[in-house]
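Biologist: I'd like a close look at one part of this protein, the nonpolar core, and at whatever packs around it. Could you walk me through it slowly, and tell me how far to trust what I'm looking at?

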Amino acid sequence: MTLWCGSQRGLASSQVLIAVAWFIFAALSAQGQSSPAAQVADCPTADHQAAATGGEANDPIAAARPEIQRIGRSSFPELVHIDLRVRAFRSQSDYFRTRFSWSRFLLLMRMRYFVDVNPALFQRQAPSDGTCAIVAHELAHVASLSRGNRIRRLGLIRLIFRRYTVKFERGADLEAIHRGYGVGLKAYRNWVYSHIPPDKVQPKLRTYFSPEEITAIQMKLQEQPDLFEYWKRHVPTNLQEIQLAR
Ligand SMILES: [Zn+2]
């Protein structure tokens with residue numbers, strides 16, 4: 001959900017619960033598929049999710065791992081060779097975020113990406129399809145960041161300006177919707193509005209697509225699928241821009 005670019009040095013080692021080389025697993029899985037086309041991941045049922053959370057009570061990141069694996073395999077086959085790791089973080093207003101290693105970037109080392117998960121997600125019973133959708137949003141960030149070269153990534157400095165942050169976040173939303181996670185993304189947003197401090201709701205509504213905006217996007221894309229390519233270059237920032245798009 002939130003992108004933070006920085007060195008991992010500042011993080012307490014206790015926060016780094018596990019590093020998941022799940023793309024190796026994804027690569028093995030992809031070999032057995034007859035079609036490389038991306039598909040919506042089959043999200044676990046509420047019962048399965050509860051069982052997994054209970055079974056992994058001391059390691060919520062381990063509970064998140066299978067879900068992230070499933071979504072990566074199904075919907076982001078282009079990330080098979082990316083070095084992606086999963087960690088825990090704590091926050092009152094964010095449940096997921098994507099980072100990359102700034103130090104590895106500066107040292108011209110192979111890029112490494114992190115999807116950070118707030119364990120409170122499980123205690124507060126986020127909807128299963130919503131969790132899948134927000135993972136797809138994070139993987140859309142990773143897919144975007146892993147395209148192009150380091151010079152292009154330097155452009156991320158623009159994220160200090162709110163206008164670019166909005167386009168960056170809504171761009172990831174758009175990608176998740178396009179890959180079939182629109183319904184789940186609406187469920188996630190409805191859940192998150194009631195599980196963050198009240199003063200954080202308006203910033204969320206400004207930065208990300210609201211359920212109403214997601215519905216409008218789904219309807220527009222159904223009528224005019226070509227709009228997706230246009231919106232990738234001109235990310236809509238409000239409902240009117242979505243409704244007036246042609
Ligand atoms: Zn995001």
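Modeller: Here is a tour of the core, the helices and strands that feed it, and the confidence that goes with them.

Bear in mind that this is a predicted model. The chain averages a pLDDT of 79, and 75% of the residues score at least 70. In outline, the protein chain has twelve helices and four strands, and buried residues make up 32% of its 246 residues. Contacts tend to reach across the sequence: of those between residues at least 6 apart, 80% join residues at least 24 apart.

Now to the core itself. The largest nonpolar core holds 44 residues, and A133, A136, L139 and A176 have the most contacts inside it. The elements that give two or more residues to this core are α3 (60-75), β2 (83-88), β3 (96-101), β4 (112-117), α5 (120-123), α6 (128-145), α8 (162-193) and α10 (211-223). Domain 1 (2-155) and domain 2 (161-244) both contribute residues, so the core lies between them.

Let's start with α6. Of its 18 residues, 15 are buried, so the helix is largely enclosed by the rest of the structure. Its length agrees with expectation too: at 1.5 Å a residue it should span 26 Å, and its end C-alpha atoms are 26 Å apart. Take A133 and set aside its neighbours within four places in sequence: A133 is then in contact with A176, Y181, G184, L185 and Y188.

C132 also lies in helix α6. It has 28 C-beta neighbours inside 10 Å, and 20 or more is enough to be called buried, so C132 counts as buried. The C-alpha atoms of C132 and A64 are separated by 9.9 Å, although the two residues are 68 apart along the chain.

A64 brings us to α3, where it is one of the buried residues. Others on that list include P60, I61, A63, E67, I68 and I71. The helix has 16 residues and reaches 23 Å from its first C-alpha to its last, close to the 22 Å expected at 1.5 Å a residue.

Next, the strands. β3 is mostly covered, with five of its six residues buried. It pairs with β4 in the antiparallel sense over five bridges, and F100 stands opposite Y113 in β4.

Two loop residues deserve a glance as you trace the backbone. L108, in the loop between α4 (102-106) and β4, has a positive phi near 60 degrees without being a glycine. With 8 C-beta neighbours inside 10 Å, L108 counts as exposed. Q125 sits in the loop between α5 and α6, and its phi is also positive, at about 55 degrees, although Q125 is not a glycine. Having 13 C-beta neighbours inside 10 Å, Q125 counts as partly exposed.

Finally, on trust: confidence is highest in α10, at a mean of 97, and lowest in helix α1 (residues 22-31), at 31. pLDDT stays under 50 over residues 1-36, for which the model has 64 contacts beyond four places in sequence. It also stays under 50 over residues 45-57, where there are ten such contacts.

How values were computed. Residues numbered from 1 in each chain as written. Predicted model: local features only at pLDDT ≥ 70, side-chain atom pairs only at ≥ 80, totals over all residues. Core = buried A, V, L, I, M, F, W, Y, C linked by C-beta atoms within 7 Å. Buried ≥ 20, exposed ≤ 12 C-beta atoms within 10 Å, placed from the backbone. Domains from an automatic or database assignment. Contact = placed C-beta atoms within 7 Å. Expected span 1.5 Å × (residues − 1). Pairing = 2+ DSSP bridges. pLDDT = per-residue confidence, 0-100.
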